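Please open the model in your viewer and keep the sequence panel visible. The tour proceeds by selection, with a short account at each stop.

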Amino acid sequence: MRKALFTKDWLKLHPYKTADDVDQYYTQLANKIYQEQEETCFNELFDDEEDAKHLALCIAAYFEDVISGIGIWRAFTTECQKRYGVFVPFYTEYDKGTYYQDEINMSDIMFLLWHHFQQSIYKKEALPPLFGGIMLTATRAYKILETEYETAPENERLYEYLCTSETDENHFYDYRNILEWFHFSCYFNVGNKKRFEEEINKKAILDEQANIMLYSTRIESLMNSRYNLLALSSAEWLAKISEQHPAHKLWTDIDYRGSVFFTVTKEDEQFIYVKDLFQDDTLKVNKNSIQLDDFGEFLNGNSVMVTNMFKFGNAWWQNGALLSYPLDKKMKEVIDKEKDEKLHKQMLLDYELVKKSGYAHKLAFLKDDNELLALYKKAGYKIAKGFTSPQPNAKAIILSGSPYTGNQLTYELAHCICDKDNPFYDSIKAEKDAFDIISGCGNAFPYETVCHLIDHHMIPDANVFGKSFPKDEGIRITQENLQFLADYHLRGRRDKDLSPTELW
């Protein structure tokens, strides 16, 4: 067997620097899996050989997770069961009707194969969950793991690090180091490091600003990124994992506020007390997290700080860059404007106008620009002289909206929406285009509108599979997993992204 992976590669997925016999074992296992990927030609699907190698390492790390009882994958399957009614999307039937959360499963490996390949081409297309090589490669990888299942060693070092090591509410930075490893290096989070590097490369950073900008972008990625599975942040995933491990219950008592304006109301020996100018509440912040010796400029009311805060245990910790601005008239206007945006003030006003016209719970299907302008006038919009719509010659326009997203126009997809009030629906044309709504191709609809379409079965022709797969089977699998696919591609959260029902 050609050795493609080395211990140094395996260690990149782990929070320690030196290898022991357990790490040697799992490196060898990863090589066996990589060899099977070679035999089935699965590796040829990747544009970058390093992505194929990373896949083999991650399947071995998944096995290590299960064997060691760490609970990373269990947290994922528990959340899937809660949201979608299945432990693993798409593939549960390949477990012969029985899924064991604390053991290895064929569906787990199939999902990992799909997920890693999808993430390797995430900029290009939505990938069908069943395509050439997945079943064959998963079967071979599963046989390797099944053979090793009874004798594979537990990784006690990793278990202690993530499950039983001492934690204390005053040791936030120890927690953040664990969070950083989990976010950028753990097998569970694919592509976070690559996306972070791309984000940094996109920014034209001046030399004197580089360190601050790099630090702030890294912290924001750690705390707020939606690129993880199920659009949960890494801190939220650690909270779910730690629910299984009493030693780390502290990790479940977390919260995060990013890029918020604060004034300081008072201080004592250990804490400062800051007022959140968006939510109008007061946070107790550990002074050890703030690189300032004197808070006088904030206490006298002359300055405001803009920063991120992370709640850990009994206090908040300042996290990321801290900027200071004079609290003058101009800054107060900026704060008021941003507060209005966070409260969706303009969106609510726009939505209320259309709501009065009878479109509170449905879409408006409009023949052309004339009908659109007529609806706007009926709703009470003040139409500026010479106003034209974004696509004045467009036909079959959809006006959609919600309290938090306001109103949005969508073109060229009306034929995909199955609704008794939609005269433009065409099931034949919809076969080709309907899945674009789920994948976000062209950013057709806000996530909340997509959820509305799913809830009311209004995109029955959405099919991620191409013509090479039986149509009825492709539609069945797609429709059964439609909410997961929308959450996956749009990085949406029904628990966070939907407008409160009382605002509809």
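In which strand does Ser 303 lie? Select residues 303-312 of this predicted model: they form strand β4, and Ser 303 belongs to this strand.

Next, display the side chain of Ser 303 and its surroundings. Is Ser 303 buried or exposed? Ser 303 is buried, because its relative accessible area is 9%, and the cut-off for buried is under 20%. Now add Glu 297: the side chains of Ser 303 and Glu 297 make a polar contact at 3.1 Å. To complete this view, select the residues that Ser 303 touches beyond four places away in sequence, which are Thr 263, Glu 297, Phe 298, Ser 324, Tyr 325, Pro 326 and Leu 327.

The tour then turns to internal space. A search of the whole structure gives 3 cavities of 30 Å³ or more. The largest cavity holds about 80 Å³ of space. Its lining comprises 12 residues, and those closest to the centre are Leu 363, Gly 401, Thr 449, His 452 and Trp 504. Colour β7 (397-402) and α18 (447-455), the elements that each give two or more residues to this lining. By class, the lining of the largest cavity contains 4 nonpolar, 6 polar and 2 charged residues.

For the last stop, move to the second largest cavity, with a volume of about 60 Å³. Select helix α3 (residues 49-68), which supplies the largest share of the lining, 3 residues. Among the lining residues to display are Leu 13, His 14, Trp 181, Cys 186 and Tyr 187. The lining of the second largest cavity divides into 8 nonpolar, 1 polar and 2 charged residues.

Key. Residues are numbered from 1 along each chain as its sequence is written. This is a predicted model: local features need pLDDT of at least 70, side-chain atom pairs count only at pLDDT 80 or more; totals for chains, interfaces and linings use all residues. Side-chain values use heavy atoms; hydrogens and water are left out. Helices (H or I, at least four residues) and strands (E, at least two) are DSSP runs, numbered from the N terminus. Buried means under 20% relative accessible area, exposed over 50%, partly exposed in between (1.4 Å probe, protein chains only). A polar contact is a pair of N or O atoms within 3.5 Å; within protein, one must be able to donate a hydrogen and the other to accept it, and residues adjacent in sequence count only if both atoms are side-chain atoms. Contact means heavy atoms within 4.5 Å. On a 1 Å grid over the protein atoms alone, a cavity is a set of points where a 1.4 Å probe fits but cannot get out, and a pocket is an open set with protein on both sides within 12 Å along at least five of seven lines; lining residues have an atom within 4 Å of a point. Grid points are joined across faces, edges and corners, and a volume is the space filled by probe spheres set on the points. Ala, Val, Leu, Ile, Met, Phe, Trp, Tyr, Cys and Pro count as nonpolar, Asp, Glu, Lys and Arg as charged, and the others, Gly among them, as polar.
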